[in-house]
Amino acid sequence: MAPMAPNRGSAITGWAMALPPTIVTNEDLSRYLDTSDSWIVDRTGIRERRVIYGPFAPRPADPLTWTSPPMGIGTTASLAIEAGRKALDAAHLGAEDIDLLILCTTTPDQAVPATSSVVQSALGLHCAAFDLNAACAGFVYGLVTAASFITGGAHRVLVIGSETLSRIVDWTDRETAVLFGDGAGAVVVEEVPGDSSLLGWDVGVDGQLQPILYADHGGSLQMVGKEVFRRAVRATVESSQAAMERAKVTPDDIALFVPHQANSRIIEAACARLEIPIERAAVMLDRTGNTSSASIPLALCEAVDAGRVADGDLILMSGFGAGMTWASAVWRWCSDPFQDCAERPASG
Ligand code: COA
């Protein structure tokens, strides 16, 4: 890595997403679970999700006894590889340009080694790599970590949120099975001349709350839904406020709010308390469900690709998750920081 330099800015110069092809609708779920499309939509806002594992994954035999991964259909690594490769292409960068890979995931493919090793190798990277597990706050933790590495000397960091929650969901439990899905989102965070795009951030965890949302090795997700809901709204609001305060901005300054995609009622409640109009929120969970650390980069990619942010706009990202973790960041959008200036620095 290059030596440390003061005032090294950072920007997101490439972004991309990957979703497994299998779509599971609420109707599909209500065919074998005691649930309904109207219950799921009313209570969560979710209409469908993408999955790799579980009763609807392409595989032979009995849905509810099927557990092992269908070979060749996908893993946390394969989703990460697809999103990561597309993000590098979008940034017009090659594998040799990346100094660090941060793979944010709460569903690694193996206990050992880290899934980032598999992704690093498949993408042809020759850089440092590690997994980051901060549950659904993972991607924003990763973004803050990437910007810090850039301040410390790295030129370009690939941050990927990738999850296969369908592997740790109990498909017979209607209280959790309807909520989660699989996917990946990736961004290239790059050293740029001038100020950092990361204007303010807040990360944290309250470890005393770990019993309200957890999965043991080999077990499935266990959740005290109402308590998670209550804490999630509070964490999103307080953490977002802290990040905005440190960035010296107000909710009026936020052009796009990208909250963790867990439940549309959590997003609505957070928007109301933050006084951010709901129209400024990025919402993708109706088509993805809760994809944990992939949810914020997925919603960010969709909003950016839809033209919802212009250069100079402020984006507030805020996640919460098992732990309970939280993380928020205020980010000034600038997709092409090199357009008016000299060449990019060589990789370190
Ligand atoms: N379909 C139909 N009924 C369901 C159901 C389903 N999929 N899941 C639960 N129910 C039932 C419950 O059994 C309960 O029945 P009862 O009244 O006979 O006991 C009833 O619906 C109401 O359940 P309740 O828990 O009060 O619903 P809720 O309004 O709190 O919504 C959640 C449940 C899970 C959607 C909501 O609490 C939530 O989103 N929590 C946060 C979850 C989350 O974000 N987790 C990830 C964090 S990263």
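How far does a polar side-chain atom of E175 lie from an oxygen atom of the ligand? Select both and check: the separation is 3.4 Å. Keep in mind that this is a predicted model.

**Stop 1: the ligand**

Stay on the ligand. On its own, the ligand exposes 960 Å², and the protein buries 75% of that. Now add T35. One of its polar side-chain atoms sits 2.6 Å from a ligand nitrogen atom. Next, pick W39. An N or O atom in the W39 side chain is 3.4 Å from an oxygen atom of the ligand.

**Stop 2: the shell**

Widen the selection to the residues around the ligand. There are 23 of them, and the closest are T35, R43, G225, K226 and N263. Colour the shell by class: ten residues are nonpolar, seven are polar and six are charged.

Then colour by secondary structure. Helices α2 (37–44), α6 (174–177), α7 (225–247) and α8 (264–274), along with strand β12 (314–321), each supply at least two shell residues. Which element gives the largest share? Select α7: four residues of the shell come from there.

**Stop 3: the two domains**

Zoom out and select 8–193 as domain 1, then 198–332 as domain 2. The ligand lies between the two domains, because both give residues to its shell. Their C-alpha centres are 16 Å apart. Show the contacts across the boundary: 50 residues of domain 1 touch 45 residues of domain 2.

**Stop 4: backbone details**

Most peptide bonds are trans, and most residues other than glycine have a negative phi. Three places are worth a click.

- Select V112 and P113. The peptide bond joining them is cis, with omega about 0°. P113 belongs to the loop between β4 (100–104) and α4 (115–122).
- Move to G323 and M324. Here too the peptide bond is cis, and omega is near -10°. M324 sits in the loop between β12 and β13 (325–332).
- Finish with A135. This residue is not a glycine, yet its phi is positive, about 50°. Look for A135 in the loop between β5 (128–132) and α5 (138–152).

**Stop 5: confidence**

Colour the chain by pLDDT. The average is 92, and 91% of the residues score at least 70. Select residues 1–6: the pLDDT there is below 50, and this stretch has 13 contacts beyond near neighbours in sequence. Then select residues 60–71. Their pLDDT is also below 50, and the stretch has 14 contacts beyond near neighbours in sequence.

Notes. Residues numbered from 1 in each chain as written. Predicted model: local features only at pLDDT ≥ 70, side-chain atom pairs only at ≥ 80, totals over all residues. Heavy atoms only, no water. Near = heavy atom within 4 Å. Polar contact = N/O pair within 3.5 Å; in protein donor to acceptor, adjacent residues only side chain to side chain. Areas by Shrake-Rupley, 256 points an atom, 1.4 Å probe, with all protein chains shown as cover. Nonpolar A, V, L, I, M, F, W, Y, C, P; charged D, E, K, R; others polar. Domains from an automatic or database assignment. pLDDT = per-residue confidence, 0-100. Contact = heavy atoms within 4.5 Å.
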